[in-house]
Amino acid sequence: MIESLAHRGPDGFGYLQEGPVGLAHARLSIIDLSSGDQPIANEDQSVWTVFNGEIFNFIEIRAALERAGHVFRTQSDTETIVHAYEEYGDDFVHHLNGQFVIALWDSRRRRLLLARDRLGIRPLFVQRDGRRILFASEIKAILAVSSQPRRLDVDGLAQVFTFWSTVGERTVFAGIRSVPPGCMLKLEGEREELVHYWHWSHPAAADSSRLSFDEAAEQVRELMSDAVRLQLRADVPVGAYLSGGLDSSIIAALVRTRSDVPLRTFSVVFDDAEFDESSHQQIMVRHLGTQHTSVRCTHGDIAASFPRLIAHTETPIVRTGPVPLMILSEHVRRCGFKVVLSGEGADEVFGGYDLFKEAQIRRFWARRPESRSRPQLLRRLYPYLRHSPVGSAAYAESFFGQGLRDVDSPFYGHSQRWVTTRRLHAFLSRDVQAQMAGCVPEAALSEMLPPDFARWSGLSRDQFVEAQTLLFGYLLSSQGDRVAMANSVEGRVPFLDHRVVEFANQLPARYKLRGLKEKAVLRRAFAHLLPPEVGGRVKQPYRSPDIQSFFKDGRAPAWVEELLSPQRLGSAGYFDGSAVQRLLAKCRAGRAIGFADNMAFVGILSTMLVEELFLKRGEAAAAYNAGLASAAAAHN
Amino acid sequence: MSIKQQVRHFILTNYLFTEDPSKLADAQSLMQSGAMDSTGILELIMFLEEKFAIKIADDEMVPDNLDAVDNVVAFVERKQAAR
């Protein structure tokens, strides 16, 4: 099992066999390089743990535990876990500030706890295999030993082809579950209990605040400054990503205020101006005086690295965005860095996405549907898109006017996106469509809504849904942990310090979206640290070329043509071969420019890669892996 | 092929990825049925301009002209008659 996770921890392995439990650990050494090996036990070796991630406040927890009489043998953050469990019982997770998954074995009580951090920054999967429970940071480790049949979970696929990711406990592998963010799975004998110890929550109709806008900005400043202080803790150098946007610029600027050592920053640049943000990156590099490395990512690079990406995401995806970040983390590692900070999470926490603005405009318009002027506000969205959905005013009005009055729907802000993504379902084979009959992806999400959800503000509802879908299932996973750990790099996300999230979630919507200005309170908090070109910049979402990456002069790489050939599609059985061939013809002709076509191509290709890499058993998958590795090497 | 046949064929193969004629009714709204998203309109306009040698002005890019096979056919016929 653990060998398959060597990329997550190339610095050493550790094992423990204790009674009915086996713990194994692959170490990426960042804190206490000399004595932090795992598994680690408490004083009398009755409590053992392995964990992946970081406990950022381990120094403070340790001080409190030592005052309570606990004796530490190492300087590692890991050791705080076993002592904190002794001291606080199952509530120990509430004392941790970090990004972690923890397996803790209490040999006296013969119970195993599996805990995941509040925001799900680190992954954790489980499978029941007869009388065994298998658990690991990645699914491939479970597949390495499981005796269960390998099957695609079609409901999981329906979710990916709607939300961009699975939600809750579901994965695309039948029988393999994800432990959701903020959860602890307690296993004792045959009993199993999943406890949600933390919730992404908003107050009911938070239109008022005891804090003024400026006071709120001041608190954001203090909390973010402290989050960065804690997340700089490491016994190895820490770098930062610099995308050119507001969020990563804030992080880099905050790091800069804490150190006189030149900060090392990293970014991706593209040849295509529609995706490239290098001019803003350079503004920040000059402003902060960072030592900067940018990695140019070509169409060919994205296509060549795509199979390796899917080996790490372990799920189909519908956009290529994670690929350049995987290529970037490879360079980070080559430059000698194991840890990078990023601006991920700010858009969800402070209301940065166009989707939030779009939903607010539609709600405003829905109060007077006959208004001619209100829908005109839609024209201010998506200035960065070459093929904008608001390019034609009449069409924008028609498109965004669908479901306009359905303002009480919990998914008001998202349903149109999901309709577009769901167009992928038209490519599924009759057999898979029949298996999906009766599956309503939104139903799984409905079950996750908190009881007072309907009384939250519209923006809070949209933020919650965004967190449960795109943030947890995609940005932190396929585009976060997985692409960094692919190259043994740990990404840290100060905006997702739970104190920041909890504070921001209490703020009124108008502190986040001021008119159509996104992340208003965040901008106010850090205007003094940023040049005006960056501090006042309208959000440009990170994207990378999709179909264009795979087709040059009307031809795709041989492995793509082979994988999407009628024979291969037929034997896998997931897709309607003739529909896929028509899509490919459109791609070859350069006519596939819309969102739906791009998502369909990437979704189909990645699903077929999941089949080849994970679902086919034994030699076929191994041979395929080897072939892909040599194809990628040839490209490089 | 008639204008209608060409338009139907384009929509079926380009947006619905099928040649099954039962999947497309002539009066069906392309947007509301999910056949076309808001960016899909650009593809349709390129097709009509190339295929029928017409020029479509910005103010003609409205659902009344383009959101169903029947509307598209009537629009193209009007444009061709006006040439």
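## Strand β7 and its partners

Let's start with a single pairing: A:F125 has A:S178 as its bridge partner in β9(A). This is a predicted model, so every detail here is a feature of that prediction. The wider pairing between β7(A) and strand β9 (residues 176-178) of chain A is antiparallel and is made of three bridges.

β7(A) also pairs with strand β8 (residues 132-136) of chain A, again in the antiparallel sense, and here there are five bridges. Within that pairing, A:D129 is matched with A:R132 of β8(A). Two residues separate the strands, giving a hairpin. One to look at in the turn is A:G130, whose phi is positive, at about 65°.

How many of the five residues of strand β7 (residues 125-129) of chain A are buried? Four of them are, so the strand is largely enclosed by the rest of the structure. Buried here means under 20% relative accessible area.

## Nonpolar cores

As a general background, nonpolar side chains tend to be buried together in soluble globular proteins. In this model, the largest nonpolar core has 182 residues. If you would like a place to begin browsing, the members that touch the most others are A:F92, A:W200, A:F306, A:F575, A:F601 and A:L605. Helix α26 (residues 595-615) of chain A supplies the largest share of this core, with twelve residues.

A second core, separate from that one, holds 38 residues. Its members include A:A366 and A:L381 as well as B:F52 and B:V69.

## Around A:W200

Which residues does A:W200 contact, once its neighbours within four places in sequence are set aside? Among them are the aromatic residues A:W456, A:F464 and A:F472, along with A:L119, A:V349, A:A467, A:L471 and A:V501. The list also includes A:E348, A:Q463, A:Q468 and A:N505.

## The second largest cavity

The structure holds six cavities of 30 Å³ or more. The second largest encloses about 180 Å³ of space. Its lining is made up of 18 residues, and those nearest the centre are A:R27, A:L28, A:Q38, A:G53 and A:E54.

Two elements give two or more residues to this lining: β2 (21-26) and β4 (47-55) of chain A. The largest share, four residues, comes from β4(A). What classes of residue does the cavity's lining have? There are six nonpolar, seven polar and five charged residues.

How values were computed
Residues are numbered from 1 along each chain as its sequence is written. Chains are lettered from A and ligands numbered from 1 in the order in which they are written. This is a predicted model: local features need pLDDT of at least 70, side-chain atom pairs count only at pLDDT 80 or more; totals for chains, interfaces and linings use all residues. Side-chain values use heavy atoms; hydrogens and water are left out. Buried means under 20% relative accessible area, exposed over 50%, partly exposed in between (1.4 Å probe, protein chains only). Two strands pair if DSSP finds at least two bridges between them. On a 1 Å grid over the protein atoms alone, a cavity is a set of points where a 1.4 Å probe fits but cannot get out, and a pocket is an open set with protein on both sides within 12 Å along at least five of seven lines; lining residues have an atom within 4 Å of a point. Grid points are joined across faces, edges and corners, and a volume is the space filled by probe spheres set on the points. Ala, Val, Leu, Ile, Met, Phe, Trp, Tyr, Cys and Pro count as nonpolar, Asp, Glu, Lys and Arg as charged, and the others, Gly among them, as polar. A nonpolar core is a set of buried Ala, Val, Leu, Ile, Met, Phe, Trp, Tyr and Cys residues joined through side-chain atoms within 4.5 Å. Contact means heavy atoms within 4.5 Å.
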